[in-house]
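Dear colleague,

I am passing on the structure we spoke about, and below it I have set out what was found. Please keep the model open while you read, and look up each place as it comes.

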Amino acid sequence: MTFTTKAQVTTGRPVLPDPRPLTAPEYFHVLAKPTGPICNLDCRYCFFLSKEALYPGDRFRMEDDLLDTYMSQLFESQGSSPEVTIAWQGGEPTLMGVDFFSRAVEVAGRYRRPGQTVNHTMQTNGTLLTDQWCELLAQHDFLVGISIDGPAAMHDRYRVDKRGGPTFDKVAHGLGLLKKHAVEFNILCTVNAANQDHPLDVYRYFRDELAARHIQFIPIVERENDTGFQHGDRVTDRSVDAEAWGLFMIAVFDEWVRRDVGTVFVPYFDAALASWLGVQPSMCILNETCGNGVALGHNGDLYSCDHFVEPEYLLGNVRETHMLELVASPQQRAFGDDKSDGLPQYCRSCEVRFACNGECPKNRFVCTPSGEPGLNYLCAGYKSFFTHINGSMRIMVDLLRRGSFADEIISILASAGRNDPCPCGNGLKAKRCHQR
């Protein structure tokens, strides 16, 4: 679908419409925040709570007319796509109440085209979940992401309530309700200063104690400034250390590749395998460009990205301009292309660039060894991680291209003699590598 830009007026000087058509991407993802940044918790590292200052005096609740406008435009944007994903986040979306989400499902049903599948998803801290909530989530097949940072001591270090108190028991209760009602869930775990040195304790807790089969790890890179925006080149002491991030992911990967391939799913590992296969990964942060994942505020404001909810990255309001036009705008296309265009030469010549692509632009605020700006804060960790998994990835790629399954790598790694070189090619004996 194409658009022509509208005339604009700047400092009294008219700008004529651009005759070149604007083309929206074939698919883009909208992360809707019905309560804006409002949350019932006060997680110490949360980058979104400060966004409240953007809307002083606001009620921070999505109105029903906006809900209808959003759904209408979302389904129009997806055209003839067989699947449409409706994603809710916050703040804390469950603060809107069960009735709001019942209406949301109903409105989506009105706009759904014949044969279209609607995928409902929600990210929540889990503390407000009830049987009534879980009945709704189960009835409409919601995929629920629940935020847990590991066992209680690690989780409660930073994920606290408004009084600074622990939240783990409430989250665990919410997860128990999801399980009771057979609601599909995944774990979202931030990796921060409190848990970065305990990768296997965290991973095994999720796998063995919580029976999680989908686990997403998010590195906390929190800028130290007074604005709450992506400013400055210093990080807080809560942030993950760059090298520790790499070691964390290596330890989890080695555990996963020798026993959990095909039964536990970690987005970073799936995305890496896609990159080694030469296929675009599903994680936007590892794509060559971005700009196809926008954030919708409670009042209809549309921002370039969930991590860039800042005045500079406000595209417009969907009450005034169709989201297709906003996503296709020169501002948004430039935002997405800048991920590749702004890559330092140090990254362009890196042997793992094909898998990393400089990761998320929000983390590119340090300098390369030669002093060139724009290097990702987590570069050292990503470089060690992607280098380490190269051999295992090549084995799985070979399996897939021969028509086999990737999980056969488990038996391949186990079949080597303990004193033989590990099949992963890391140069170590099997007993000191993937059989240790």
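In which loop is the place of Asp 141? Asp 141 sits in the loop that runs between α3 (131–139) and β8 (143–147). Please bear in mind from the start that this is a predicted model. The phi of Asp 141 is near 55°, which is a positive value in a residue other than glycine, and Asp 141 is exposed, with a relative accessible area of 64%.

Ala 211 can be looked at next, since this residue, although not a glycine, also has a positive phi, of about 55°. Ala 211 follows α6 and has its place in the loop between α6 and β10. With a relative accessibility of 43%, Ala 211 counts as partly exposed, because that class covers values between 20% and 50%.

The helix that comes before Ala 211, α6 (residues 199–209), has as its buried residues Pro 199, Val 202, Tyr 203, Tyr 205, Phe 206 and Arg 207. Among the elements that cover these buried residues are α4, α5, β9 (184–191), β10 (215–219) and α7.

Between two of those elements, in the loop that joins α4 (152–158) to α5 (168–180), you will find Arg 159. Arg 159 is buried yet has no salt bridge, and the nearest side chain of opposite charge, that of Asp 149, is 4.7 Å away; this is not counted as a salt bridge because the cut-off is 4 Å. The side chain of Arg 159 does, however, make a polar contact of 3.1 Å with the side chain of Tyr 45. If neighbours within four places in sequence are left aside, the residues in contact with Arg 159 include Leu 41, Cys 43, Asn 125, Ser 147, Gly 165 and Thr 167.

Another element that covers α6, namely α7, takes part in a helix pair of its own. The axes of α7 (residues 242–257) and α14 (residues 390–401) come within 11 Å and cross at roughly 35°, and the crossing in which α7 passes α14 is left-handed. Where the two helices meet, Phe 253, Trp 256 and Val 257 belong to α7, while Ser 392, Met 393 and Met 396 belong to α14.

Finally, please look at the cis peptide bond that joins Gly 90 and Gly 91, where omega is about 15°. Gly 91 lies in the loop between β6 (83–88) and α2 (98–111).

With best wishes

Note on methods. Residues are numbered from 1 along each chain as its sequence is written. This is a predicted model: local features need pLDDT of at least 70, side-chain atom pairs count only at pLDDT 80 or more; totals for chains, interfaces and linings use all residues. Side-chain values use heavy atoms; hydrogens and water are left out. Helices (H or I, at least four residues) and strands (E, at least two) are DSSP runs, numbered from the N terminus. Buried means under 20% relative accessible area, exposed over 50%, partly exposed in between (1.4 Å probe, protein chains only). Lys and Arg count as positive and Asp and Glu as negative; His and the chain ends are not counted. A polar contact is a pair of N or O atoms within 3.5 Å; within protein, one must be able to donate a hydrogen and the other to accept it, and residues adjacent in sequence count only if both atoms are side-chain atoms. Contact means heavy atoms within 4.5 Å. Axes are lines fitted to C-alpha atoms, for helices over the stretch in contact, and angles run from 0 to 180 degrees between N-to-C directions. A crossing is left-handed if the near helix is turned anticlockwise from the far one by less than a right angle, and right-handed if clockwise.
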